[in-house]
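Here is a quick walk through a two-chain model, written for someone who likes to check things in a viewer. Have the coordinates open as you read.

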Amino acid sequence: MDIAFVIEKFVLVAIIFGISLVIAMYSTYAERKVAAFLQDRLGPDRAGPAGMFQPLADGLKMFMKEEIIPTNASKWLFMIGPGLAMLTACIGTAVIPWGSAITVGDRVIPLQVTDINVGILYIFGVVSLGVYGVMIGGWASNNKYSLLSAIRAASQNISYEIAMGLSIIALLLVTGSMSLKEIVEGQHGWHWNVLYQPVGFILFMVCAFAETNRAPFDLPECETELIGGYHTEYSSMKLGFYLFAEYINMFVSAAVMATLYFGGYNYPGMDWVLANTGPVIGPLIGVGVFFIKIFAFIFFFMWVRWTIPRFRYDQLMHLGWKVLIPLAIANIVVTSVVIAVIEGF
Amino acid sequence: MEPLTSKKKVLEQKPLTLAERMYLPAIAKGMAITISHFFKKEATIRYPEVEREFSTNFRGMHSLKRDEEGKERCTACGLCALSCPAEAITMIAAERKPEEKDLYREEKYASVYEINMLRCIFCGLCEEACPKEAIYLDGPIVPADYLRKDFIYGKDKLVEQPLNKK
């Protein structure tokens with residue numbers, strides 16, 4: 001391992017970390033703007049041109065707020081909670097391939113922090129860790145509402161992880177690999193997995209909404225029932241971390257969906273573009289395409305949030321266990337039969 | 001009892017059809033509605049910069065009028081104060097001195113004329129009561145303030161600017 005390798009990875013990690021934070025920051029702004037436009041309003045427009053500095057003002061406000069730790073809270077866990085939520089949200093980006101490799105001189109720089117051969121399992125592990133931040137924070141607050149919310153979050157995540165895992169199995173049958181890099185490479189041009197796995201994609205997307213605690217599955221923080229949910233007792237930047245982690249999670253799951261089902265950095269006509277723009281600009285165009293897909297998914301997340309009312313808790317469980325899981329299993333069976341038939345003849 | 005109208009409609013709860021149980025068609029319909037609003041013109045008026053247009057008979061802040069030569073029309077007859085249902089108007093009358101002939105139209109004028117804007121209900125009865133056409137509620141919205149005493153508007157705020165003042 002040479003020093004250049006370490007520097008290269010370090011720079012890549014820093015860039016990705018920075019990008020995901022900036023995107024999360026501006027997601028809060030985008031969320032308010034999208035909500036406003038969908039409701040025939042204007043949204044924030046006072047701080048800077050078209051309200052562009054609103055996230056900075058919000059961040060500053062979060063930092064300046066008084067920090068309150070309840071007397072009866074479990075102090076250390078109370079502090080660990082938001083940090084853990086933030087950490088697990090951020091490390092998910094490590095295995096996502098952002099673009100095909102850039103060639104500078106004779107050096108090939110892959111635009112992926114690490115290509116582990118079980119990338120999907122890594123993503124699953126990280127996503128399921130994400131609920132610990134919520135659970136620990138909710139429990140440590142020593143507040144009934146927070147605790148209820150934490151329990152809800154935990155059971156919701158467990159329920160939907162099963163359906164998510166099953167919907168992925170059908171995808172693995174099609175791609176034959178668990179490495180995200182290979183899955184993306186397999187979707188060259190327009191051969192996106194969503195064309196082969198439409199049902200699997202819908203299942204995965206519904207589960208992704210549930211895993212990120214976004215509407216219509218934002219039961220852990222439903223105001224009408226649980227005040228603020230698991231972050232009722234939180235204030236200042238700890239609250240900011242929780243809110244921020246939600247947006248990073250949204251970004252990561254948008255990236256994962258784009259990678260698994262919408263071809264990542266592949267787009268129709270990419271061969272021609274790659275051949276004509278050289279080894280640096282070409283892959284970067286792919287990265288741009290990938291980010292366009294991610295932003296489209298983030299917009300979709302917001303669009304859904306401001307359209308669909310929240311599910312009731314029993315409906316959520318009903319949907320998870322009695323609809324999504326059987327559907328996912330049926331999807332696996334149908335996919336494997338079709339693959340067997342195609343390979344048999 | 002006999003039903004009075006034929007509008008009664010018995011609702012019966014049918015079990016959901018497959019399409020309804022799938023949620024997805026209804027969700028797609030809802031999302032189509034929201035996205036159509038995305039492209040509609042927003043209803044917001046950016047208030048401090050843009051103001052909503054008032055109707056022509058809007059009653060706002062009072063103004064004490066001057067005549068064509070710039071003399072104050074009010075003669076402190078007290079009819080406005082008498083007609084005011086909220087008792088918001090008080091005034092003190094004074095006699096015009098010969099050298100003040102250009103300032104006041106008649107021999108008697110209001111040396112103090114105060115309207116308590118917190119009492120005023122903007123009914124416009126003072127306007128109707130005035131025999132000299134001296135008071136009109138044709139101003140803007142009364143602005144907010146911090147202290148109660150600042151809402152008692154005197155002549156400095158109520159009297160119209162002189163005509164010849166450039």
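## Chain B: burial and overall shape

Just 13% of the 166 residues of chain B count as buried. Keep in mind that this is a predicted model.

Chain B holds five helices and five strands. Reading from the N terminus, its elements come in the order α-α-β-α-β-β-α-β-β-α. The radius of gyration of chain B is 29 Å, and the globule rule gives 15 Å for 166 residues, so chain B is more spread out than a compact globule. The C-alpha trace tells you about the extents too: along the principal axes of chain B it spans about 95 × 50 × 35 Å. As for contacts within chain B between residues at least 6 apart in sequence, 73% of them join residues at least 24 apart.

## A loop residue in chain B

Where does B:Arg73 sit? Look in the loop of chain B that runs between β1 (63-64) and α3 (79-83). Is B:Arg73 buried, exposed or partly exposed? It has 18 other C-beta atoms within 10 Å, and a residue needs 20 or more to be buried and 12 or fewer to be exposed, so B:Arg73 lands in the partly exposed class.

Setting aside neighbours within four places in sequence, B:Arg73 is in contact with B:Lys65, B:Arg66 and B:Asp67, and also with B:Arg105, B:Lys132, B:Glu133 and B:Ala134. B:Arg119 is 46 residues from B:Arg73 in sequence, and their C-alpha atoms are 24 Å apart in space.

## Chain A: a helix and a glycine in a loop

Helix α5 of chain A covers residues 144-175, which makes 32 residues. From its first C-alpha to its last it reaches 46 Å, close to the 46 Å expected at 1.5 Å a residue. Just after α5(A) comes A:Gly176, with a positive phi of about 75 degrees.

Further along, A:Gly263 is in the loop between α10 (236-261) and α11 (270-305) of chain A. A:Gly263 counts as buried because it has 27 C-beta neighbours inside 10 Å. Leaving out residues up to four places away in sequence, A:Gly263 touches A:Gln187 and A:Trp192. A:Glu182 is 81 residues from A:Gly263 along the chain, with 11 Å between the two C-alpha atoms.

## Where the chains meet

How many residues of each chain are in contact with the other? On chain A there are 10, and they are in contact with 11 residues of chain B. By class, the chain A side has six nonpolar, two polar and two charged residues.

Definitions and conventions
Residues numbered from 1 in each chain as written. Chains lettered and ligands numbered in written order. Predicted model: local features only at pLDDT ≥ 70, side-chain atom pairs only at ≥ 80, totals over all residues. Contact = placed C-beta atoms within 7 Å. Nonpolar A, V, L, I, M, F, W, Y, C, P; charged D, E, K, R; others polar. Helix = DSSP H or I, 4+ residues; strand = E, 2+ residues; numbered from the N terminus. Expected span 1.5 Å × (residues − 1). Rg over C-alpha atoms; globule rule 2.2 N^0.38 Å.
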